Amino acid sequence: YINKKAFFKCSSLNDVTLPKRAQMLSYSFGFYDDSRGSVYSDFVMNIYRDSPAYTYATNNIVNYNIINEMVIKEGQSIDCTYYTDSFDDEMIFIFTPEISDCYSFFSTGSVDVKCTFDGEVYDDNSLDDLNFTVSSYFEAGNTYYFTVNCVSQMSTGDFTVSLETEHLYTKTVVEP
């Protein structure tokens, strides 16, 4: 819990990263006056979407960055970590393909993670395979969201998510 006015009129505090479950009382961060919107323009909160800090930032017009949403592009890999105190936090990966094609979004590493995509859960459901793979056809220009969760508090550490093209090839026979 961050008490009321804990960092009130603290002009040297430029940014703060808050845990997902942090609770803030009024005027905790960013304010130089007791009125709505009287926040330092260079102050930024690094927060999780759908957290109490997100509600605080949006209600009080405080600048913020969402730290559990990441844009991923075709051919890219992103290194991730789950810690003991963050194992239930969601990581959201956003993909907007430039070309309609088949793609695979998958994890590698020693952390047992699952992925929710389009209402379906992708999980290996076995003890010897900790990773998931989501393969699907994606339309160019549409935006897709992959939500990744750690399966168990016992499985924390480093893992990588990647997105690769599977390429659709069509056979065309051309007469000589």
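Here is a short tour of a predicted model, one selection at a time.

**Stop one: the open sheet**

Start by showing the strands as a cartoon. Select strands 5, 12, 7 and 10: these four form an open sheet in that order, with antiparallel pairing. Strands of a sheet pair through backbone hydrogen bonds, either parallel or antiparallel. Now colour strand 5 (77–82) and strand 10 (133–138), which stand at the edges of the sheet. Each has a single partner strand, so one side of each is left without a neighbour in the sheet. Look along the sheet for its twist, which averages 20° from one strand to the next.

Next, zoom in on strand 7 (residues 101–109) and strand 12 (residues 157–165), an antiparallel pair joined over seven bridges. Pick Phe 106 here, and you will find Ser 162 of strand 12 opposite.

**Stop two: the aromatic rings**

Turn on the side chains of Phe, Tyr and Trp. How many aromatic pairs are there? The count comes to 18. One of them joins Phe 117 and Tyr 144, a tilted pair with 6.3 Å centre to centre and 50° between the planes. This pair links distant parts of the chain, as Phe 117 lies in strand 8 and Tyr 144 in strand 11 (residues 144–150), 27 residues apart. Both Phe 117 and Tyr 144 are buried.

Keep Phe 117 selected and add Phe 146. Their ring centres are 4.9 Å apart with the planes at 20°, so this pair is stacked. Here too, distant parts of the chain are linked: Phe 117 in strand 8 and Phe 146 in strand 11 are 29 residues apart. Phe 117 counts as buried because its relative accessibility is 8%, and Phe 146 counts as buried at 0%.

To widen the view, select Phe 93, Phe 95, Tyr 103, Phe 105, Phe 117, Phe 132, Phe 138, Tyr 144 and Phe 146, which form one aromatic cluster.

**Stop three: Lys 114**

Stay in strand 8 (residues 113–117) and pick Lys 114. Is Lys 114 buried or partly exposed? Its relative accessibility is 28%, so Lys 114 counts as partly exposed. Show its surroundings: beyond residues up to four places away in sequence, Lys 114 touches Val 121, Tyr 122, Asp 123, Phe 132, Thr 147, Val 148, Asn 149 and Val 151. Try a distance label too: the C-alpha atoms of Lys 114 and Asn 131 are separated by 7.1 Å, although these residues are 17 apart along the chain.

**Last stop: Lys 5**

Finally, select Lys 5 with Phe 8 and Tyr 27. The charged end of Lys 5 sits over the ring of Phe 8, 4.8 Å from its centre. The charged end of Lys 5 also sits over the ring of Tyr 27, 5.9 Å from that ring's centre.

Terms used:
Residues are numbered from 1 along each chain as its sequence is written. This is a predicted model: local features need pLDDT of at least 70, side-chain atom pairs count only at pLDDT 80 or more; totals for chains, interfaces and linings use all residues. Side-chain values use heavy atoms; hydrogens and water are left out. Helices (H or I, at least four residues) and strands (E, at least two) are DSSP runs, numbered from the N terminus. Buried means under 20% relative accessible area, exposed over 50%, partly exposed in between (1.4 Å probe, protein chains only). Contact means heavy atoms within 4.5 Å. Rings of Phe, Tyr and Trp (its six-membered ring) pair if their centres lie within 6.5 Å; planes under 30 degrees apart count as stacked, over 60 as edge-to-face and the rest as tilted. A charge sits over a ring if NZ of Lys or CZ of Arg is within 6 Å of the ring centre and within 35 degrees of the ring normal. Two strands pair if DSSP finds at least two bridges between them. Axes are lines fitted to C-alpha atoms, for helices over the stretch in contact, and angles run from 0 to 180 degrees between N-to-C directions.
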